[in-house]
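Let's take a walk through this structure together. Have a look at the sequence and the model, and then we'll go through it piece by piece.

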Amino acid sequence: MKSVRLDTQLESKLERAARASAMSQSAFLRDALIRRCTEVLGDSLEQRLAPVIGIVKSSGGRAVRSGEAFRAALRRRRRR
């Protein structure tokens, strides 16, 4: 269990916001923490890619040669 100290102004805002959301202050704080943690840490790669997996179709183009170009760039860098 964690505890946090709030100044009177923030405590008043919390009371009003929780009441306006029809939530207890504890539930409001938990929800806010979940949202902020997700914002900072991000979702998993799987969750971020889920909306776009399978919708991009390509016939190759320049991407076909990207691996080859990357290896060549590494070889040039190693020679320096």
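Before we start, one cut-off will come in handy: two axes count as roughly perpendicular when the angle between them is 65 to 115 degrees. Also keep in mind that what you're looking at is a predicted model.

First, the overall plan. The protein has four helices and zero strands, so reading from the N terminus on, you simply meet α-α-α-α. Of its 80 residues, 4% count as buried.

Now zoom in on the beginning of the chain. Helix α1 covers residues 8-20 and helix α2 covers residues 25-41. Two packed helices are described by the angle between their axes and the distance between the axes. Here, α1 and α2 pack at an angle of about 95 degrees, and their axes are 9 Å apart. That angle falls within the range given above, so α1 and α2 are roughly perpendicular to each other. Who makes the contact? On the α1 side you'll find Leu 14, Glu 15, Ala 17 and Ala 18, and on the α2 side Gln 25, Phe 28 and Leu 29. Sorted by class, these contact residues are five nonpolar, one polar and one charged.

Next, follow the chain from one helix to the other. The loop between α1 and α2 holds Ala 22, and Ser 24 sits in the loop between these helices too. Ala 22 has a phi near 55 degrees, a positive value in a residue other than glycine. Is Ala 22 buried or exposed? With a relative accessible area of 72%, Ala 22 is exposed. Ser 24, at 41% relative accessibility, counts as partly exposed. You can also look back from the loop to α1: the C-alpha atoms of Ser 24 and Leu 14 are separated by 9.8 Å, with the two residues 10 apart along the chain.

Last stop: the empty space. Rolling a probe the size of a water molecule over the atoms shows where empty space is left. The largest pocket here has a volume of about 210 Å³. Which residues line the largest pocket? They are Met 1, Lys 2, Ser 3, Val 4, Ser 26, Leu 29, Arg 30 and Leu 33. By class, that lining has four nonpolar, two polar and two charged residues. You've met Leu 29 before, in the contact of α2 with α1, and here Leu 29 lines the largest pocket.

Terms used
Residues are numbered from 1 along each chain as its sequence is written. This is a predicted model: local features need pLDDT of at least 70, side-chain atom pairs count only at pLDDT 80 or more; totals for chains, interfaces and linings use all residues. Side-chain values use heavy atoms; hydrogens and water are left out. Axes are lines fitted to C-alpha atoms, for helices over the stretch in contact, and angles run from 0 to 180 degrees between N-to-C directions. Helices (H or I, at least four residues) and strands (E, at least two) are DSSP runs, numbered from the N terminus. Angles under 35 degrees count as roughly parallel, over 145 as roughly antiparallel, 65 to 115 as roughly perpendicular and the rest as oblique. Contact means heavy atoms within 4.5 Å. Ala, Val, Leu, Ile, Met, Phe, Trp, Tyr, Cys and Pro count as nonpolar, Asp, Glu, Lys and Arg as charged, and the others, Gly among them, as polar. On a 1 Å grid over the protein atoms alone, a cavity is a set of points where a 1.4 Å probe fits but cannot get out, and a pocket is an open set with protein on both sides within 12 Å along at least five of seven lines; lining residues have an atom within 4 Å of a point. Grid points are joined across faces, edges and corners, and a volume is the space filled by probe spheres set on the points. Buried means under 20% relative accessible area, exposed over 50%, partly exposed in between (1.4 Å probe, protein chains only).
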